[in-house]
Amino acid sequence: MSEAKIRIENLYKIFGPNPQSVLGDVQHGMSKQELLEKHSHVLGLKDININVPEREISVIMGLSGSGKSTLIRHINRLIEPTSGRIVIDDQDILGMSKDELIEFRRFRASMVFQKFGLHVHKTVASNVAYGLTIQGTPEAESKERSKKWLDRVGLSGFEDHYPSQLSGGMQQRVGLARALATDAQILLMDEAFSALDPLIRTDMQGVLLSLQEELHKTIVFITHDLDEALRIGDTIAILRDGAVIQQGTPQEIILHPVDDYIYDFIKDINRSRVIQTKSVMTPGEAVDSSLTLSHDLVLEEAIQLVTATESMQGNVVDENGEVIGSVSLEQIVDGIARPVAASGDDVQYR
Ligand SMILES: Nc1ncnc2c1ncn2[C@@H]1O[C@H](COP(=O)(O)OP(=O)(O)OP(=O)(O)O)[C@@H](O)[C@H]1O
C-alpha cells in the first residue's frame, strides 16, 4: 500500500451549542441516542482514524446520517472538528491560516459534488476553467487546459454549451473535468455519481477508473452504494452512527465482515464477481495443471477456466507471471457459496 497522503486521527465532531462540554461524555462512550436525549447535541463523528493512501481511491461508505458528508467536509475544512487532527502531506491542516487554507483549496484539493455545482450562466468551458481562473492562470492557458480536460472526459465539442443543455451524466463529466483541470492531487467526491441513472452511473465509474489508471490522484469517494464502493474502492471504510465499523480492501470486507451490520451490507452481493482467485487459493508451489490464472481474476471467470481443464485446478500467478499458489474447483465453489476467510476457515459472525 502507498504512503498515507491524508491521516485523520481521533476525529470527533459534535453538533450543538456547546460541543466541548459534552466531548468527554462521548469519549467515555456515550451513544448518539443518549447524547441527543440527555444533552440535545448530535454526534456527527466519533473517534475516526483513517489513513488515505496516496494515489489510491479510498471509499467512505455508510447509510444516510452515518456521517459521510461531515467527514469529507473536514478534509478541506468546510467543517471544523470538535477534536482531533487531519494531517495532509505531514501538515496539520487545522493549523493552517486563512490564506494557507484558501491556497490549499485552490491548488491541492478539488471537490466534486452530487448536484454537480456548476454555474448555470457560464458555458461548459468557463465552468471547467473556473478553478484555473481563481488560481490566477492566464486566460489563454485556462482555455487550453479546459479544452484538454473536456476532451479527456469525452465532451469535446460541448465547450460553448450551457449546463442546462446537457444531461445529468454529461454535467457530472463537466464537474469531473473542472476538478481535474486544477491539477490538484486530492479529489474529494461527495456522492458524486448518486444523482445519476444506474447505467450512466456505471459509465461514470468507468470514466473515473480509466482516468485514475493514468492520473493516480488521491481520491476520497463518498457513497452509500456497496456495488459502487466495491467497484471503485482500493479500500473501503464503513461508517455507522459516526464511527468507523470496518475498514479494509473490498476483498477483506467481503471475506471477513467484522459483525452482523457489515454482513447485512455484503450478504446480497454477487460474490463471484467480486472475490478474486488470490483470496481462495492455496498459497505455495505450482500443481500439475497447464492452466494459469491471474491472481486478480474474479471467481466468475475463474470457474469457467478451471472447469474446462481435466484436473479441475489451475496455478495462480501474480502480476509478474510468477506462480504464487493454486486453486481448485472446490475452492472456487466454496468461495462463491459462503463466506470464507482467506485461510479457508469459516467466518463466525456472532
Ligand atoms: N449542521 C448540522 N447540525 C446538526 N446536526 C448535523 C449537522 N450536519 C450533520 N448533522 C448530523 O450529523 C449526522 C451525520 O450527518 P451527515 O450529513 O454527515 O451524514 P451522511 O452519512 O452524509 O448522510 P446523507 O447520506 O443523508 O447525506 C446526522 O445525524 C446529521 O443529522
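Helices, such as the α3 we will meet shortly, are DSSP runs of H or I with at least four residues, numbered from the N terminus. With that in hand, let us walk through this model, which is a predicted one.

A good place to begin is the ligand. Around it we find Phe15, Val42, Gly44, Gly62, Ser64, Gly65, Ser66, Gly67, Lys68, Ser69, Thr70 and His224. Two elements, β2 (42-53) and α3 (68-75), each give two or more residues to this shell. Of these, α3 contributes the most, with 3 residues. Sorted by class, the surroundings of the ligand comprise 9 polar, 2 nonpolar and 1 charged residues.

Next, look at a pair of helices further along the chain. Helix α5 spans residues 124-135 and helix α6 spans residues 139-152; their axes come within 9 Å and cross at roughly 120°. Because of that angle, α5 is oblique to α6. The crossing of the two helices is right-handed. On the α5 side, the contact is formed by Val124, Ala125, Val128, Ala129, Leu132 and Thr133, while α6 supplies Ser142, Lys143, Arg145, Ser146, Lys147, Trp149 and Leu150. Taken together, the residues of this contact are 7 nonpolar, 3 polar and 3 charged.

How confident is the predictor, and where does the pLDDT drop below 50? The protein has an average pLDDT of 92, and 96% of the residues score at least 70. Residues 340-345 are where the pLDDT is below 50, and this stretch has 11 contacts in the model beyond near neighbours in sequence. Where pLDDT is low, predicted coordinates should not be read in detail. For the model itself, the scores are ipTM 0.97 and pTM 0.89.

Technical notes. Residues numbered from 1 in each chain as written. Predicted model: local features only at pLDDT ≥ 70, side-chain atom pairs only at ≥ 80, totals over all residues. Axes fitted to C-alpha atoms, helices over the stretch in contact; angles between N-to-C directions. Parallel < 35°, antiparallel > 145°, perpendicular 65-115°, else oblique. Left-handed = near helix turned anticlockwise from the far one by under 90°. Contact = placed C-beta atoms within 7 Å. Nonpolar A, V, L, I, M, F, W, Y, C, P; charged D, E, K, R; others polar. pLDDT = per-residue confidence, 0-100. Near = placed C-beta within 6 Å.
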